[in-house]
Amino acid sequence: MADVPAVPRSLSDQASEVLQALRSRGDRLVTAESCTGGLIAATLTTLAGSSDVVEGGLVTYSNAMKISVLDVAETTLASHGAVSEAVAVEMAMGALDCAQDATIAVAVTGIAGPGGGTEAKPVGTVCLCVMQGAKTPQRETAHFAGDREAVRLATVSRAFEMILKALG
């Protein structure tokens with residue numbers, strides 16, 4: 001089994017900022033992750049005391065899991081593809097439904113590589129969504145360069161930036 005890389009200091013610092021922002025607002029976070037495989041939740045929970053603001057995380061790598069666990073619509077997957085902002089939004093909504101005490105959700109779905117990319121959605125394409133209750137979701141499509149690890153780490157960093165912006 002390959003060694004899991006240590007969390008880079010910059011991500012640990014961002015995670016600490018996210019946890020403090022959640023605490024200061026009295027919010028609880030849930031994650032819905034595909035291409036990061038739980039790395040957002042893992043990065044947050046490496047820090048002591050994270051349990052007071054991290055509700056949990058859901059890794060829904062397959063479309064079947066996105067449908068059965070997060071209630072992503074089959075029609076959304078069919079019309080937009082798993083790597084789409086529409087799916088990221090439904091993943092975030094589903095995560096909030098699964099975690100009754102969570103007040104904010106982050107969802108990511110993408111192509112970390114090295115394979116799986118297409119001309120329309122090359123390797124490094126990631127769709128992210130941050131949702132707070134009934135507020136309009138923040139969503140975006142990002143394109144990250146580098147190998148699989150670099151894409152996954154960049155996705156976690158961008159997710160943290162979006163959470164911090166949402167918590168304002």
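In strand β4, Q132 is the residue that stands opposite I104. This pair belongs to a longer partnership, in which strand β3 (residues 104-110) and strand β4 (residues 125-132) lie antiparallel and are joined by seven bridges. Strands are DSSP runs of E with at least two residues, helices are runs of H or I with at least four, and both are numbered from the N terminus; two strands pair if DSSP finds at least two bridges between them. The model is a predicted one, so local features need pLDDT of at least 70 and side-chain atom pairs count only at pLDDT 80 or more, while totals for chains, interfaces and linings use all residues. Residues are numbered from 1 along each chain as its sequence is written, and side-chain values use heavy atoms, without hydrogens and water.

On to the next pair of strands. β4 and β5 also run antiparallel, with six bridges between them, and here C129 faces R139 of β5. Five residues lie between the strands of this hairpin, where G133 adopts a positive phi near 45°. As general background, strands of a sheet pair through backbone hydrogen bonds, either parallel or antiparallel.

These strands are part of an open sheet of five, ordered β2-β1-β3-β4-β5, with mixed pairing. Its edges are β2 (54-59) and β5 (138-143); each has a single partner strand, so one side of each is left without a neighbour in the sheet. On average, neighbouring strands are turned by 15° against each other, direction ignored (axes are lines fitted to C-alpha atoms, for helices over the stretch in contact, and angles run from 0 to 180 degrees between N-to-C directions).

What about the chain as a whole? Six helices and five strands make up its secondary structure, and from the N terminus on they follow the order α-β-α-β-α-α-α-β-β-β-α. The radius of gyration is 15 Å, close to the 15 Å of the globule rule for 168 residues, so the chain is as compact as a globular protein of that length. This radius is taken over C-alpha atoms, and the rule is 2.2 Å times the number of residues to the power 0.38. The C-alpha trace spans about 40 × 35 × 30 Å along its principal axes. Of the 168 residues, 45% count as buried, meaning under 20% relative accessible area (1.4 Å probe, protein chains only).

Conventions:
Buried means under 20% relative accessible area, exposed over 50%, partly exposed in between (1.4 Å probe, protein chains only).
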